[in-house]
Amino acid sequence: MERHGQLIGIGKEQIEAYEAYHADVWPEVAAMISACHIHNYSIYRFGELLFSYFEYIGENFDVDMEKMAADEMTQKWWAVQKPLQKPLPERAEGEWWAEMKEVFHQD
């Protein structure tokens, strides 16, 4: 199992819409997240920052992310969500959400 923490920005004017969408996530999108072996997925907001945490329980993260990216409903969801988000300039090349380094974990 892999734990992932990610960070992205959001504009003050986008917070209400973003939270409303996530209060009623499209069922097809939620099903695809599960089908791609992502569990315990949460998104937190602190001011104009969004922090996501999830656990990946599959065998090939890159393949599962490609599967998710190819999904038509996920593409439609992302088309609605991306204009609400502000990627961080410090993110790695190719990232939308900046992947964070885990520095401590205790079960």
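## Getting your bearings

Helices (H or I, at least four residues) and strands (E, at least two) are DSSP runs numbered from the N terminus. With that in hand, serine 52 sits in strand 3.

What you're looking at is a predicted model, where local features need pLDDT of at least 70 and side-chain atom pairs count only at pLDDT 80 or more, while totals for chains, interfaces and linings use all residues. Numbering starts from 1 along each chain as its sequence is written, and side-chain values use heavy atoms, with hydrogens and water left out.

## Serine 52, tucked away

Serine 52 counts as buried, because its relative accessibility is 0% (buried is under 20% relative accessible area, exposed over 50%, partly exposed in between, with a 1.4 Å probe and protein chains only). So what does serine 52 touch, not counting residues up to four places away in sequence? The list is His4, Gly5, Gln6, Tyr41, Ser42, Ile43 and Trp97, where contact means heavy atoms within 4.5 Å.

## Two cores

The largest nonpolar core (buried Ala, Val, Leu, Ile, Met, Phe, Trp, Tyr and Cys residues joined through side-chain atoms within 4.5 Å) has 9 residues: Val29, Met32, Ile33, Cys36, Ile38, Phe54, Tyr56, Met68 and Trp77. Helix 2 (27–35) and strand 3 (49–56) each chip in at least two of them, and helix 2 gives the most, with 3 residues. Apart from this group lies another core, of 7 residues, and Ile8, Ile15, Tyr18 and Leu50 are among them.

Phenylalanine 54 belongs to the largest core. Setting aside neighbours within four places in sequence, phenylalanine 54 contacts Glu2, Arg3, His4, Gln6, Ile38, His39, Asn40, Tyr41 and Phe61.

## How helix 4 meets its partners

Start with helix 2 and helix 4 (residues 72–81): their axes come within 9 Å and cross at roughly 115°. Axes here are lines fitted to C-alpha atoms, for helices over the stretch in contact, with angles running from 0 to 180 degrees between N-to-C directions. These two helices are therefore roughly perpendicular to each other (65 to 115 degrees; under 35 is roughly parallel, over 145 roughly antiparallel, and the rest oblique). On the helix 2 side, Glu28, Val29 and Met32 make the contact, and Met73, Thr74 and Trp77 do so from helix 4.

Now for helix 1 and helix 4, whose axes come within 11 Å and cross at roughly 155°. That makes helix 1 roughly antiparallel to helix 4. Tyr18, Tyr21 and His22 of helix 1 meet Trp77, Val80 and Gln81 of helix 4. Trp77 turns up in the contact with helix 2 and in the contact with helix 1.

## A look at isoleucine 15

Isoleucine 15 is part of helix 1, which spans residues 15–23. Is isoleucine 15 buried or exposed? Its relative accessible area is 14%, so isoleucine 15 is buried. Leaving out neighbours within four places in sequence, isoleucine 15 contacts Ile10, Arg45 and Gly47. Isoleucine 15 and glutamine 85 are 70 residues apart in sequence, yet their C-alpha atoms are 9.2 Å apart in space.

## Two positive phi values

Most residues other than glycine have a negative phi. Histidine 37 has a positive one, near 65°. You'll find histidine 37 in the loop between helix 2 and strand 2 (38–46), and histidine 37 counts as partly exposed because its relative accessibility is 31%. Asparagine 40, which lies in strand 2, has a positive phi too, near 50°.
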